[in-house]
Amino acid sequence: MTARASGWWSRLGGYDTLGLAAGLWFLAKFLRYGISALFPQFQTAFGVSNATLGAAFSAMMLLYSLLQFPSGALSDRLGEVKIIAIGSLVAALGAFVLGVGAPFAVVLVGMALVGLGTGTHKTVAVELLARVYPARVGRSLGIFDTIGALGGVAAPAAVVLATGTVGWRALFALGGVCGVALVAGVLLRVPRRERTDTDGERSLAIRPYLVLFRDRRLAAFVVVTLCFGFAYNGLVAFLPLYLTQRGLATGTASLLYSLLFAVSVVQVLTGGLSDRLGRLPLAAVVLSVATAGLVGLIGLGGLVGLGAAVVVLGLGGHGFRPIRAAHLSTTIPEEIAGGGLGLVRTLLMGVGAVAPAVVGVIADVSDFRVAFSLLAVSMAAGAVVAVGLAVTEQ
């Protein structure tokens, strides 16, 4: 091997951690949004209502949210790699259970395991990546989130393909196999120097983490993330069903759903820009864009109008993710980074997990436009608070 090739290979090897963490995040998103894309089929096969599907999805996301703080706090004590591996194996087990897939009670068990397993990943992965790539936090998190979001791009198309060939149960079984393989890669390839040096003596008390919220600006930014999380999670759980009820064919709705995640490549751009231009002003801009997209989704019609609204919403929503993670990871003290970020994400995902149930109930009582209007108000509130933080930043 030439010296030039050796140097290129060495640089590429330095991104093992990013690649494996992002691969597991891709799988987590694939499983979650694969379930969402199957809602129309679940209604037909199991005879369940919008409210039941929304409650099931909310339960999965609540389990996901409840694992954020304990997984982060345990990673402060035990190291990131162990927590990532354990959680990913639980998620893989959930995928295998979904591969059985009938009756609906088995589907619910699989969803619960997916929620529990994937709930350990992102908080710990963000902590790991922020420490491994300190000079490129925004960019690395942008790449991480972009690859994860591509799971949302792939899931609806894969569901359509699998339904017409091997069946959706086989798709989830394959996801379980991929999860086990990625865990093996993490354990074998993430260098020991990149693992947290822990002495096993750190306390798991919650008080040091709660003190973080005495910082009013941090607390205000958490409010921004909660408004965003409620709006975004309510949207993605029901977007395919909403689009079919707006007159689009099921296949077309699935393609637009994929498009929402396809534009997630914007995260690489916004993550890199946040390292150079500042995170709060950029957060205000992208949240305003996301709000405009949600309003368009409610007010516009037809394939072109709804498609344009989905693209705008995707650009703003995905653009916010690396900014949020980079701002929190660089604001929270390093010694409590895992648990601190985990606590914030527990609140974020807890609020977001309630959204599908709220949307499902409002859709059954009234219609989806009324439910999505509530989501638009929530997104707009987050944008307003972000603008206030950016204007008052010293």
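**Core, rings and a pocket in an all-helix model**

Let's start with one residue, Leu 297. Leaving aside residues up to four places away in sequence, Leu 297 touches Leu 235, Leu 239, Tyr 242, Leu 243 and Arg 246. The list goes on with Leu 306, Ala 309, Val 310, Leu 313 and Phe 372. Keep in mind that this is a predicted model.

Now the setting. The chain has 18 helices and 0 strands. It holds 394 residues, and 55% of them are buried. Take the contacts between residues at least 6 apart in sequence: 84% of these join residues at least 24 apart.

Back to Leu 297 and the core. The largest nonpolar core has 112 residues. Which members touch the most others? They are Leu 239, Leu 243, Leu 297 and Phe 372. The element that gives the most to this core is helix α12, residues 216-245, with 17 residues. As a general point, nonpolar side chains in soluble globular proteins tend to be buried together.

Next, the aromatic rings. Searching the whole structure gives 17 aromatic pairs. I'll show two. In the first, Phe 42 and Phe 46, the ring centres are 5.7 Å apart and the planes stand at 55°. Why is this pair called tilted? Stacked needs planes under 30 degrees apart, and edge-to-face needs over 60. An angle of 55° fits neither, so the pair is tilted. Both residues sit in helix α3, 4 residues apart, so about one helical turn separates them. Are they buried or exposed? Phe 42 is buried, at 2% relative accessibility. Phe 46 is partly exposed, at 23%.

The second pair is Tyr 242 with Phe 372. Here the centres are 4.3 Å apart and the planes are at 20°, so this pair is stacked. Tyr 242 belongs to helix α12, and Phe 372 to helix α18, residues 368-391. The pair therefore ties together parts that are 130 residues apart in sequence. Tyr 242 and Phe 372 are both buried. They also belong to a cluster linked by ring pairs, with Phe 39, Phe 57, Phe 238 and Phe 368. And recall that Leu 297 touches both Tyr 242 and Phe 372.

On to a pocket, the second largest one. Its space comes to about 160 Å³. The lining has 13 residues. Nearest the centre of this pocket lie Ala 37, Pro 40, Val 160, Thr 250 and Ser 254. Which helices supply at least two lining residues each? They are α3 (39-46), α9 (137-163), α12 and α13 (250-262). Helix α13 has the largest share, 5 residues. By character, the lining splits into 8 nonpolar, 5 polar and no charged residues. Note that α3 and α12 have come up before: α3 carries the tilted pair, and α12 carries Tyr 242.

Two smaller stops to finish. First, helix α5, residues 68-78. Its buried residues are Gln 68, Phe 69, Ser 71, Gly 72, Ala 73, Ser 75 and Asp 76. After α5 comes Gly 79, with a positive phi near 105°.

Second, Arg 131. This residue is in helix α8, residues 121-132. Its relative accessible area is 29%, so Arg 131 counts as partly exposed. Where does Ser 329 lie relative to Arg 131? The two are 198 residues apart in sequence, but 9.4 Å apart in space, C-alpha to C-alpha.

Terms used
Residues are numbered from 1 along each chain as its sequence is written. This is a predicted model: local features need pLDDT of at least 70, side-chain atom pairs count only at pLDDT 80 or more; totals for chains, interfaces and linings use all residues. Side-chain values use heavy atoms; hydrogens and water are left out. A nonpolar core is a set of buried Ala, Val, Leu, Ile, Met, Phe, Trp, Tyr and Cys residues joined through side-chain atoms within 4.5 Å. Buried means under 20% relative accessible area, exposed over 50%, partly exposed in between (1.4 Å probe, protein chains only). Contact means heavy atoms within 4.5 Å. On a 1 Å grid over the protein atoms alone, a cavity is a set of points where a 1.4 Å probe fits but cannot get out, and a pocket is an open set with protein on both sides within 12 Å along at least five of seven lines; lining residues have an atom within 4 Å of a point. Grid points are joined across faces, edges and corners, and a volume is the space filled by probe spheres set on the points. Ala, Val, Leu, Ile, Met, Phe, Trp, Tyr, Cys and Pro count as nonpolar, Asp, Glu, Lys and Arg as charged, and the others, Gly among them, as polar. Rings of Phe, Tyr and Trp (its six-membered ring) pair if their centres lie within 6.5 Å; planes under 30 degrees apart count as stacked, over 60 as edge-to-face and the rest as tilted.
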